[in-house]
Amino acid sequence: MTSRALGVLDAFDSRHPRLTLSEVAVRSGTPLTTTHRLLAELAAWGALSRRPDGRYEIGRKLWDLGLLAPVQLELRQVASAFLLDVHTATRDTVHLAVREGLRALYVERISGRESVPVVSQVGSRLPLHATGVGKVLLASAPDDVVDQVLHQLTRETRHTVSDPRVLARELAEVRRRGWARTAEEMSLGAASVAVPVTVDRSTGPVVVAALGIVVPAHRRDVGRLAPVLQVAARGIGRELARSEQFH
């Protein structure tokens, strides 16, 4: 039953944050009667919440537990001030992501009323190949991860790079110049720039996260944002290194 309960929870994602009973049953591959019982139990515990319209969404208790995850705690605590500095200087959406399998997991985001609308939210998982932070994380990923991504490229918009050869060349360029950019590959009307957050360890520098910014696609000075992000990323990397040494 534990695996079925987890399967029910796994039916929810950034594109399906609210689901009906039947939608959960279909997406989780669980019989309707079993789904009904599991939803009631998860809602009673607080993992899910039932809305007035009858649909279910992730409950507060899972959010509270998620905040205890080390990737959330340490990265958010260390990086929040740097993200705020970048947002204050640019007024654009700034976010921090880590690689989780073949997706970019967004662990922090700061935006304002002047920021261009984006699909990323804290806790959302987006394709590595279609986002700026994702391309940075993919460029530093193990070869087997890169191969898996190249063999299952999805087209999120008409501008998404879906040719494996083109993406492979882009990743090589990201490694060479130290930053990535996208233009309407995840959301129409939005462009992004991202840089790696690196921590120096005894075995050498390790990319632990990616710092990115999203701006209107018509901006012509997108490349000039990379140095701003790199300054912040170096600061985050230094603080993370100090934290690791302290612990």
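## A three-stranded sheet

In this predicted model, three strands form an open sheet in the order β1-β3-β2, and their pairing is antiparallel. The strands at the edges, each of which pairs on one side only, are β1 (18–19) and β2 (48–50).

Strands of a sheet pair through backbone hydrogen bonds, and the pairing can be either parallel or antiparallel. Here, β1 and strand β3 (residues 56–58) run antiparallel and are joined by two bridges. Looking at β1 and β3 residue by residue, one finds that Arg-18 has Glu-57 of β3 as its bridge partner.

## Two helices that cross

Helix α2 (residues 21–28) and helix α3 (residues 32–45) have axes that come within 9 Å of each other and cross at roughly 110°. Because angles of 65 to 115 degrees count as roughly perpendicular, α2 is described as roughly perpendicular to α3. The crossing of α2 and α3 is, in addition, right-handed.

On the side of α2, the contact is made by Leu-21, Ser-22, Val-24, Ala-25 and Ser-28, while α3 contributes Leu-32, Thr-35, His-36 and Leu-39. Sorted by character, the residues of this contact between α2 and α3 comprise five nonpolar and four polar ones, with no charged residue.

## A buried histidine

His-95 is found in strand β4, which covers residues 93–100. Is His-95 buried or exposed? Its relative accessibility is 5%, and since buried means under 20%, His-95 counts as buried.

When residues up to four places away in sequence are not counted, His-95 touches a set of residues that includes Leu-83, Tyr-106, Glu-108, Arg-109, Ser-120 and Val-133. Also among the residues that His-95 touches are Ala-210, Leu-211, Gly-212, Ile-213 and Val-214.

Key:
Residues numbered from 1 in each chain as written. Predicted model: local features only at pLDDT ≥ 70, side-chain atom pairs only at ≥ 80, totals over all residues. Heavy atoms only, no water. Axes fitted to C-alpha atoms, helices over the stretch in contact; angles between N-to-C directions. Helix = DSSP H or I, 4+ residues; strand = E, 2+ residues; numbered from the N terminus. Parallel < 35°, antiparallel > 145°, perpendicular 65-115°, else oblique. Left-handed = near helix turned anticlockwise from the far one by under 90°. Contact = heavy atoms within 4.5 Å. Nonpolar A, V, L, I, M, F, W, Y, C, P; charged D, E, K, R; others polar. Buried < 20%, exposed > 50% of the residue type's maximum accessible area, 1.4 Å probe, protein only. Pairing = 2+ DSSP bridges.
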